[in-house]
Amino acid sequence: MRVVDIPTSAVLLERLRHGADADAWTEFALRYRVPLLEFAEARGWHHVDIEGAVQETLRTVAIALPRGDYHPEKGRFRDWLLGILRNRLKTALRTEVNRSRREYTYLRDRLPECVVPETDAALWRKVCLRQALRMVLEAPAVAGRTRAVFVDYVLHGRPAEEVADAYGLTPNAVYQIRNRLIARLRKCVATLR
């Protein structure tokens, strides 16, 4: 049954206006809850919390009727009721949009770039850096130990002292290898951009 097909009982509304009749509120909720849900679904509000909006509508009516907010001389009860529902649906939509924006901002700021799409410029810089790194590490001038020290210290983030001990070098030698290869890397990146 559609909302427009439900006859509004003047007696029921009068009972609701006095507010104390629990049976009248139960009857009202039973009469209008499902049609309000169907109305919202038929209007395409699938992307918001329809059930919550309908519950808020019923709650608003329960507060507004005893206060005297509905005036029959201004229009039909069903139009007033559907107006409240539309407002609750719009509020739910704004809430959902704001939540989605907050989630996107959180994702953009907190999660790895593989989850949140990058700009073309950022992706291009990353691709150029990867290619330059491959070119530097595969260059014949970069010996096996030099390459291994750079990979362990710069790419894997091991402490300089630990890397120096592992390869029989001083920490200063590790820093020099890093500086030499980063200078080559910068030149290589400059040629790719």
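This report walks through the helices, cores and salt bridges of the structure shown above.

**Overall build**

The coordinates come from a predicted model. The chain contains 8 helices and 0 strands, so its pattern along the sequence reads α-α-α-α-α-α-α-α. Of its 193 residues, 30% count as buried. Looking at contacts between residues at least 6 apart in sequence, you will find that 59% of them join residues at least 24 apart.

**Two nonpolar cores**

A good place to start is the largest nonpolar core, which has 29 residues. Phe28, Leu65 and Phe77 have the most contacts inside this core. Four helices each supply at least two of its residues: H1 (10-18), H2 (22-42), H3 and H4 (77-110).

Phe28 is worth a click in your viewer. Setting aside neighbours within four places in sequence, Phe28 is in contact with Leu12, Leu16, Leu58, Val61, Phe77 and Leu81. One of these partners, Phe77, is itself among the residues with the most contacts inside the core.

There is also a second, separate core of 19 residues, and its members include Ala132, Val149, Tyr153 and Ile177.

**Thr57, a buried residue in H3**

Next, have a look at Thr57, which sits in helix H3 (residues 50-67). Is Thr57 buried or exposed? Its relative accessibility is 0%, and because buried means under 20%, Thr57 counts as buried. Which residues does Thr57 touch, not counting those up to four places away in sequence? They are Leu36, Leu81, Ile84, Leu85 and Arg88. Leu81 is thus a contact of Thr57 and also a contact of Phe28.

**Where H7 meets H8**

Two packed helices are described by the angle between their axes and the distance between the axes. For helix H7 (residues 160-167) and helix H8 (residues 171-192), the axes come within 8 Å and cross at roughly 100°. Because angles of 65 to 115 degrees count as roughly perpendicular, H7 is described as roughly perpendicular to H8. On the H7 side the contact is made by Ala160, Glu161, Val163 and Ala164, and on the H8 side by Pro171, Val174 and Tyr175. Sorted by type, the residues of this contact are 6 nonpolar, no polar and 1 charged.

**Salt bridges**

The count of salt bridges comes to 7. Three of them are listed here, with the distance between N and O atoms.

| Residue | Partner | N to O distance |
|---|---|---|
| Arg31 | Glu27 | 3.3 Å |
| Asp79 | Arg78 | 3.7 Å |
| Glu162 | Arg158 | 2.7 Å |

Take the pair Arg31 and Glu27: both lie in helix H2, 4 residues apart, which is about one turn of the helix. Arg31 has a relative accessibility of 26% and counts as partly exposed. Glu27 is partly exposed as well, with a relative accessible area of 31%.

In the salt bridge with Arg78, Asp79 is partly exposed, at a relative accessible area of 43%.

For the third pair, Glu162 is partly exposed with a relative accessible area of 39%, and Arg158 counts as partly exposed at 26% relative accessibility. Which residues are joined into one network by salt bridges that share partners? They are Asp152, Arg158 and Glu162.

Definitions and conventions:
Residues are numbered from 1 along each chain as its sequence is written. This is a predicted model: local features need pLDDT of at least 70, side-chain atom pairs count only at pLDDT 80 or more; totals for chains, interfaces and linings use all residues. Side-chain values use heavy atoms; hydrogens and water are left out. Buried means under 20% relative accessible area, exposed over 50%, partly exposed in between (1.4 Å probe, protein chains only). Contact means heavy atoms within 4.5 Å. Axes are lines fitted to C-alpha atoms, for helices over the stretch in contact, and angles run from 0 to 180 degrees between N-to-C directions. Angles under 35 degrees count as roughly parallel, over 145 as roughly antiparallel, 65 to 115 as roughly perpendicular and the rest as oblique. Ala, Val, Leu, Ile, Met, Phe, Trp, Tyr, Cys and Pro count as nonpolar, Asp, Glu, Lys and Arg as charged, and the others, Gly among them, as polar. A nonpolar core is a set of buried Ala, Val, Leu, Ile, Met, Phe, Trp, Tyr and Cys residues joined through side-chain atoms within 4.5 Å. A salt bridge is a side-chain nitrogen of Lys or Arg within 4 Å of a carboxyl oxygen of Asp or Glu.
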